[in-house]
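Visitor: Could you take me in for a close look at one part of this model, the surroundings of the first ligand, and then show me how the rest of the fold sits around that spot?

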Amino acid sequence: MNTQKITIIGVGNIGTAIAEGLIRNQFCKVSNVTLAKRNTATLHRFEEQGAKITSDNVKAISEADYIILAVKPFQIREIAEEIAPHVDYTKQVLISVITGVWLEDLKTLFSDEAVLFRAMPNTAAAIGESMTTVAHCNATQEELSFVTSLFETVGEVVMINEQLMDAATVLGACGTAFALRYIRANIQGGIEIGFDANTATLIAAQTVKGAASLLLENKTHPEQEIDKVTTPKGCTIAGLNEMEHQGFSSSLIRGLKASYDKIVKDM
Ligand SMILES: NC(=O)C1=CN([C@@H]2O[C@H](COP(=O)(O)OP(=O)(O)OC[C@H]3O[C@@H](n4cnc5c(N)ncnc54)[C@H](OP(=O)(O)O)[C@@H]3O)[C@@H](O)[C@H]2O)C=CC1
Ligand SMILES: O=C(O)[C@@H]1CCC=N1
């Protein structure tokens, strides 16, 4: 088990998912995890497990080896003004999961000398099933290994060129919501054709999990797996073709593009 101390500043949706994943998978001693947000009432369950909780960001980072920044993009400037003077850039490492905030922005907000990681996990980190993309600057091999193993503890990790981080945000982080909306539509359809909501949810979710696992384990292209399902003149191809007539793939691609454009335009 790691002995490094980890602080998360901004423990909302994604900060909570990371904290849950790290604690559940025993990445480090729970007492070495510090969680900071203004309203700590939502953090008591972590405190009960042994984590430190605080609303004082400066105190939160005082003993940290790795500081995960998980606030909303518009909140980072204020946080940086508060904690930057207290960061020891010779030994403390910053990891930002904030959408649209670049390593160059973080250098400006903190220090040119700062060891910086920009990562994009998703909420499945809570159950060890995140997809996390990572870029970095000024990091040693040891720091790189540590951050890789931190995110491997909560799922899969891939190092990417930072230029692709906005695209990774759409595909990997927004993607969780897109996949869930797809599953919800399946549940709605499943109910219409006869299932109760619980059974429809189980069938829809397990079927999507199985389909994703086929790609991950067989390393096949989706169309290869689709070919195995589409009986000639059968019901699958009839359904698929009707979905495409209604713009299924096109609407997903346009949705991804709209999300991407939103990040590029706003940040
Ligand atoms: N949600 C997701 O799926 C993902 C989000 N991201 C990115 O992560 C970041 C956080 O997103 P998300 O978790 O959804 O947002 P949330 O709003 O859920 O979380 C932000 C947290 O920051 C805390 N906070 C705000 N101001 C301060 C402050 N001054 N000091 C300490 N804590 C503060 C808030 O709590 P309080 O008000 O109590 O202080 C809140 O819990 C965003 O930049 C987002 O783009 C990245 C990947 C996935
Ligand atoms: O919607 C958002 O802005 C954030 C970024 C990735 C997931 N949620």
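**Around ligand 1**

Guide: Let's start right at the ligand: 27 residues surround ligand 1, and the closest are Gly10, Gly12, Asn13, Arg38 and Thr99. Two elements give two or more residues to this shell, helix H1 (13-24) and helix H4 (76-83). H1 supplies the largest share, three residues. Sorted by class, the shell comes out as 13 nonpolar, ten polar and four charged residues.

Before going further, a word on trust. What you're looking at is a predicted model, with an average pLDDT of 97 over the chain and 100% of the residues at 70 or above. The overall scores are ipTM 0.99 and pTM 0.97.

Now hop over to the other ligand. Thr99, already named among the closest residues to ligand 1, turns up again around ligand 2, together with Thr169, Ala173 and Cys174. That shell splits into two nonpolar and two polar residues, with no charged ones.

Back to H1, since it leads us into the sheet. This helix lies across strand S1 (6-9), S2, strand S4 (66-69) and strand S7 (130-137), and its direction makes an angle of about 165° with S2. The sheet itself is open and has eight strands, in the order S3-S2-S1-S4-S5-S6-S7-S8, with mixed pairing. At its edges you'll find strand S3 (52-54) and strand S8 (155-159), each pairing on one side only. From one strand to the next, the twist averages 20°.

Zoom in on the S3 edge for a moment. Strand S2 (residues 33-36) runs parallel to S3, and three bridges join the two. If you want a residue pair to click on, take Thr34, whose bridge partner in S3 is Lys52.

H1 has company on the sheet, too. Helix H7 (residues 165-192) lies across strand S6 (115-120) and S7, at about 40° to S6. S7 is therefore a strand that both H1 and H7 lie across, going by C-beta atoms within 7 Å as the test for contact. The H7 stretch also takes in Thr169, Ala173 and Cys174, the residues that join Thr99 around ligand 2. As for their spacing, an α-helix has 3.6 residues a turn, so residues three or four places apart point the same way.

Finish at helix H8 (residues 197-218): its 22 residues reach 31 Å from first C-alpha to last, close to the 32 Å expected at 1.5 Å a residue. Just after H8 comes Lys219, with a positive phi of about 55°.

Technical notes: Residues are numbered from 1 along each chain as its sequence is written. Chains are lettered from A and ligands numbered from 1 in the order in which they are written. This is a predicted model: local features need pLDDT of at least 70, side-chain atom pairs count only at pLDDT 80 or more; totals for chains, interfaces and linings use all residues. Helices (H or I, at least four residues) and strands (E, at least two) are DSSP runs, numbered from the N terminus. The expected span of a helix is 1.5 Å times one less than its number of residues. A residue is near a molecule or strand if its C-beta atom, placed from the backbone, lies within 6 Å of it. Ala, Val, Leu, Ile, Met, Phe, Trp, Tyr, Cys and Pro count as nonpolar, Asp, Glu, Lys and Arg as charged, and the others, Gly among them, as polar. pLDDT is the predictor's confidence in each residue, from 0 to 100. Two strands pair if DSSP finds at least two bridges between them. Axes are lines fitted to C-alpha atoms, for helices over the stretch in contact, and angles run from 0 to 180 degrees between N-to-C directions. Two residues are in contact if their C-beta atoms, placed from the backbone, lie within 7 Å.
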